[in-house]
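The following exercises are to be worked with the sequence and the structure at hand. Each task is followed by a solution in steps.

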Amino acid sequence: MTHRRRRLRAWLLAGLLLAVVLVVYRAGRTGVHEPPADGAPAPAVSAPVTEPATTPSGPSAASTGPATTAPPSPTGPQDRSPQPPPARDCASPGACGFPDAASTGPRTGLQRHDTGNMSVRTNGAVIRGWDIHGALDVYADDVTVIDSRITSANWWGINLRPGFSGLKVLHTTITAVPGEGPDNGGVNYAVSNMGVGSVEVGWCDISVFGNALSMGQGDLHDNYVHDIVAFRNLGGEWQHTDAVISGGGNKGRLTIRHNTLLNSVAVDRGASASIGLFADTGVVSSVVVDGNWLAGGAYALYGGGPGATGIQVTDNVFSTQYHPGGGAYGPVTAWNAGGAGNVWKGNRMSDGRPVVPPPPG
């Protein structure tokens, strides 16, 4: 009897040891026993590293060191954040599915580069994972800035020069230090398109600049523009401020889709709009404004003026965050209801009220 009990205990012990071995083996196969190192998503670019031709520019330029280049990650519609339905009674952009600090900016760790102002002159160059203290001046086609941070004390954060195209700025923080810019301490443009083609800016966290995104043609999506800083320009006047500004006369399409665009600047300190479509340099045409969260400015949206055509404004939320009417004087002005191809549909206040443009005054 005693011999049988000893044999039974031996079998039970062997079975227990076998079970422990199997659990450890399966954990090693699946990796469930090891938590992620830092919780960060996988890098967007994993191709071999090479070096783009970059040269310092401007009085504060310093040695640039090696830059990172690789094919850009896909940026097609499949990568875009799903658009939420028009919000009702929304307290904040992030709570309603619009971009905020948690969904924009770099997804990976950064390496600091005190470059000063830097020129990029290699077609297809990709700058990734850089924490740049300086501005980028792009004299090349198909340049990509991704998963990086730009802190500028120049007129712009990133500028595409005339004659060039294909610039992409993705998952990047673009900011400046108030009081250190060249315009009487102010900084003017986070991303400026002086080039011949569309510029894509997506999933970026943008702050401080007076006119954050300045372009007549481009694809602006999933960005968070906030904390615009008022300043008096070199002429001694309050600089007009806009989260997105276009001067008209564009030859291509400007698409502004699923962004959070905040302009908290007071009207008596230069606030202009969240989106300003102005006919300063020509007629405004071919613009899509779809599914954005807009707050602040004299008016939240300037709609292009009397000659504007092909302007589609759909499913936007005009927030009461700064003013009961979205902007200090209301949600929208300069809307050309009779313009060919102009569409106004599904736009509402953040408390659910529909937004109807006023008739031309």
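**Exercise 1. A residue with partners to follow**

Tryptophan 293 stands opposite valine 317 in strand 26. Determine which strands pair with strand 23, and in which sense.

*Solution.* The model is a predicted one.

Step 1. Take strand 26, which comprises residues 317–318. Strand 23 pairs with strand 26 in the parallel sense, over two bridges.

Step 2. Turn to strand 20, residues 260–263. Strand 20 and strand 23 (residues 293–296) are also parallel, and four bridges join them. Here threonine 260 is opposite tryptophan 293 of strand 23.

Step 3. Combine the two steps. Tryptophan 293 stands opposite threonine 260 and opposite valine 317.

**Exercise 2. The sheet that holds these strands**

State the order of the strands in the sheet that includes strands 20, 23 and 26, and name its edge strands.

*Solution.* Step 1. The sheet is open and consists of 10 parallel-paired strands, in the order 2-5-8-11-14-17-20-23-26-29.

Step 2. Its edges are strand 2 (111–113) and strand 29 (348–349), each of which pairs on one side only.

Step 3. Examine one further pair within this order. Strand 14 (residues 205–208) runs parallel to strand 17 (residues 224–228), with four bridges between them. Valine 208 has isoleucine 228 of strand 17 as its bridge partner.

**Exercise 3. A sheet of nine strands**

Explain why one side of strand 4 and one side of strand 28 lack a neighbour in the sheet.

*Solution.* Step 1. Nine strands, paired in parallel, make an open sheet in the order 4-7-10-13-16-19-22-25-28.

Step 2. Strand 4 (126–128) and strand 28 (343–345) lie at the edges and have a single partner strand each; therefore one side of each has no neighbour in the sheet. From one strand to the next, the twist averages 5°.

Step 3. For strand 4, consider strand 7 (residues 144–146), to which three bridges join it in a parallel arrangement. Arginine 128 has isoleucine 146 in strand 7 as its bridge partner.

**Exercise 4. The largest pocket**

Describe the lining of the largest pocket and identify the strand that gives the most to it.

*Solution.* Step 1. The volume of the largest pocket is about 520 Å³. Its lining has 23 residues, of which Asn193, Met215, Gly216, Gly247 and Thr281 are the closest to the centre.

Step 2. At least two lining residues come from each of strand 9 (156–160), strand 12 (189–193), strand 15 (211–214) and strand 18 (241–246). Strand 12 gives the most, namely three.

Step 3. By class, the lining comprises 15 polar, six nonpolar and two charged residues.

**Exercise 5. Confidence**

Which stretch of the chain has pLDDT under 50?

*Solution.* Step 1. The chain has a mean pLDDT of 82, and 75% of its residues reach 70 or more.

Step 2. Over residues 1–79, pLDDT stays under 50. Predicted coordinates should not be read in detail where pLDDT is low.

Key
Residues are numbered from 1 along each chain as its sequence is written. This is a predicted model: local features need pLDDT of at least 70, side-chain atom pairs count only at pLDDT 80 or more; totals for chains, interfaces and linings use all residues. Side-chain values use heavy atoms; hydrogens and water are left out. pLDDT is the predictor's confidence in each residue, from 0 to 100. Contact means heavy atoms within 4.5 Å. Two strands pair if DSSP finds at least two bridges between them. Axes are lines fitted to C-alpha atoms, for helices over the stretch in contact, and angles run from 0 to 180 degrees between N-to-C directions. On a 1 Å grid over the protein atoms alone, a cavity is a set of points where a 1.4 Å probe fits but cannot get out, and a pocket is an open set with protein on both sides within 12 Å along at least five of seven lines; lining residues have an atom within 4 Å of a point. Grid points are joined across faces, edges and corners, and a volume is the space filled by probe spheres set on the points. Ala, Val, Leu, Ile, Met, Phe, Trp, Tyr, Cys and Pro count as nonpolar, Asp, Glu, Lys and Arg as charged, and the others, Gly among them, as polar.
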